[in-house]
Amino acid sequence: MTALDLGGLFESGSADPREVTEAFLARAALTDPDHRIYVRLLETRARAEAAAAADRAKRGLRRHALDGVPLSWKDLFDTAGEPTAAGSLPLKDRVPTRDAEVLARATRAGAVCLGKTTMTELAFSGLGINPKFGTPANAHDGKIERVPGGSSAGAGVSVARGLAAGAIGTDTGGSVRIPSAWNGLVGLKTTAGLLPLDGTVPLSPTFDTVGPLAKTVEDAAAIFALLEGKQARALEPFDLSRAVFWLPGGVAWSELDDGVAIALEAAIRRLVHAGARIVEHKLPQLDEIDALAWSPKSSRLVAEAYVQWNEMLAANKTDIYPPVYDRVMAGAALTASDIIAADLKRTDIRARYLSATAGVDAVLMPAVAISPPPISTLEAGGEAYFRANRLALRNATIGNQLGLCAVTLPAGCDARGLPIGLMLQSHPLTEEKLLRLAFAAEHAMN
């Protein structure tokens, strides 16, 4: 069931938050005994919150459409009195005294915190591999264990496998959208600065954002409202006959797996059939921002990660996953002039992108260029890891670098039944319109 479906049952008295929470906890304990999805379940907290939600429902005092609904939280959101390690062994004994602000907002609105989900170490990878804490397998291949997408790896798998009604993750370069796309979910990347990062373990404060992973666009919108501290509102679908989407080609549509290309072509045909207008034209700013983001001499993200974590990593090198260690420590080679020059160039590219796309409702891109590879082929690191990681992150990172908002929607599957995501990218602070567009597109593609 969707998160809003559960909330509706609690509202009508047809279900009890305590029983539903117990069902989620029991299912997680049964299907995740090695804690590859949940670092830890917060049974005591979840049961207390469910009991309070049940009492409010009985008295007609529910606080939100998601009051009593069990959600999972990525293990970089501070939880008072519980370890929050951001997937890194040196932080395993880090116990905050206060909840992260977004968790506090959700708790005040009545949502149930089921537990903390696994993640890429320090949130620095799009694949979701973490040999130190455990890598959850993608939910859609019962034969081969494939990467789940990262860095919000356990968040995506927890929803896809029915171990949470929704999840909250973070997205610095795609970390909500990649696991959502690869696990058949809706993932919303919010505009940087819109949701507070207080009490969130940082990677790159310039680009870090908070967002939901959900089964439907309506659920994503409701969780987004929860995190904003607002009431959920019914979504009015955008009239697709009045929608204009930009299909840019270029880097965002290059190096696609065949299955990804075929599924997305079919999805776009369905949007056209529903009345949407597609503008096919080059958008060179995408290629420019991609080149800037991945240049070894211009990455603000790497520079900020290095400033945050280099001392800890240097003191605990044997406890750090080598691909993460190498990416962070590459920041030692960056200079202040490198970053200032990159910032100026990014600002120029962003201004030209916003001007060029002012007349369209969203830019369409594959959320991820490739289908999820097997964990076993990448876990050792090396060239295969870094190539897959770049292709996983490439398209999603564009939105972070340009300061945009974006949403990925399920858009079919490849020949092996692995989900494909279509990303709608729009201007900053247009989340409400973007969600209406996504709601209409979701129905058109189903």
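Ser 295 is partly exposed, with a relative accessible area of 25%, in what is a predicted model. You will find Ser 295 in the loop between helix H9 (284–294) and H10. If you would like a sense of distance, pick Asp 219 as a second point: Ser 295 and Asp 219 are 76 residues apart in sequence, and their C-alpha atoms are 37 Å apart in space.

The loop that holds Ser 295 has a helix on each side, so let us follow each of those helices to a partner. Start with H9. How do H9 and helix H12 (residues 336–356) run relative to each other, roughly parallel or roughly antiparallel? Their packing angle is about 160°, and their axes are 10 Å apart. An angle over 145 degrees counts as roughly antiparallel, and H9 and H12 are therefore described in that way. The crossing of these two helices is left-handed. On the H9 side, the contact is made by Gln 285, Leu 286, Glu 288, Ile 289 and Leu 292, while H12 brings Ala 342, Lys 345, Arg 346, Ile 349, Arg 352, Tyr 353 and Ala 356. Sorted by class, the contact of H9 with H12 has seven nonpolar, one polar and four charged residues.

Now take H10. Helix H10 (residues 300–315) packs with helix H11 (residues 322–329) at an angle of about 120°, and the two axes are 8 Å apart. That angle makes H10 oblique to H11. As with any such pair, two packed helices are described by the angle between their axes and the distance between the axes. H10 passes H11 in a left-handed crossing. Look along H10 for Val 302, Ala 305, Tyr 306, Trp 309, Asn 310, Leu 313 and Ala 314; these meet Val 324, Tyr 325, Arg 327, Val 328 and Met 329 in H11. By class, this contact of H10 with H11 has ten nonpolar, one polar and one charged residues.

A further helix pair is worth a visit. H7 and helix H14 (residues 431–445) pack at an angle of about 160°, with 9 Å between their axes. H7 and H14 are therefore roughly antiparallel to each other. From H7 come Val 217, Glu 218, Ala 221 and Phe 224, and from H14 come Glu 431, Leu 435, Ala 438, Phe 439 and Glu 442. The residues of this contact of H7 with H14 divide into six nonpolar, no polar and three charged.

Glu 431 also leads to another part of the chain, since it is among the contacts of Thr 191. Thr 191 lies in the loop between strand S5 (186–189) and strand S6 (210–214). Is Thr 191 buried or exposed? At 6% relative accessibility, it counts as buried, the cut-off being under 20%. Leaving aside neighbours within four places in sequence, Thr 191 is in contact with Thr 209, Gly 403, Leu 404, Cys 405, Pro 428, Leu 429 and Glu 431.

H7 also takes us back to the start of the chain, where it is one of the elements that the buried residues of H1 pack against. Which residues of helix H1 (residues 3–12) are buried? They are Ala 3, Leu 6, Gly 7 and Phe 10. Seen down the axis of H1, these buried residues fall within an arc of 100°, so they line one face of the helix. The spacing fits a general rule: an α-helix has 3.6 residues a turn, so residues three or four places apart point the same way. Besides helix H7 (217–228), the buried residues of H1 pack against helix H2 (17–31), helix H3 (43–58) and strand S2 (70–74). On the other side of H1, Glu 11 and Ser 12 are exposed. Just after H1 comes Gly 13, which takes a positive phi of about 85°.

That brings us to the backbone. Most residues other than glycine have a negative phi, and most peptide bonds are trans. Ala 86 is not a glycine, yet it has a positive phi of about 50°. Ala 86 sits in the loop between S2 and helix H4 (101–108), and at 1% relative accessibility it counts as buried. Glu 255, again not a glycine, has a positive phi of about 55°; its place is the loop between strand S7 (244–247) and helix H8 (258–273). Finally, where is there a cis peptide bond? It joins Gly 150 and Ser 151, with omega at about 10°. Ser 151 is found in the loop between strand S3 (112–117) and helix H5 (153–160).

Note on methods:
Residues are numbered from 1 along each chain as its sequence is written. This is a predicted model: local features need pLDDT of at least 70, side-chain atom pairs count only at pLDDT 80 or more; totals for chains, interfaces and linings use all residues. Side-chain values use heavy atoms; hydrogens and water are left out. Axes are lines fitted to C-alpha atoms, for helices over the stretch in contact, and angles run from 0 to 180 degrees between N-to-C directions. Helices (H or I, at least four residues) and strands (E, at least two) are DSSP runs, numbered from the N terminus. Angles under 35 degrees count as roughly parallel, over 145 as roughly antiparallel, 65 to 115 as roughly perpendicular and the rest as oblique. A crossing is left-handed if the near helix is turned anticlockwise from the far one by less than a right angle, and right-handed if clockwise. Contact means heavy atoms within 4.5 Å. Ala, Val, Leu, Ile, Met, Phe, Trp, Tyr, Cys and Pro count as nonpolar, Asp, Glu, Lys and Arg as charged, and the others, Gly among them, as polar. Buried means under 20% relative accessible area, exposed over 50%, partly exposed in between (1.4 Å probe, protein chains only). The arc is that of the directions from the helix axis to the C-beta atoms.
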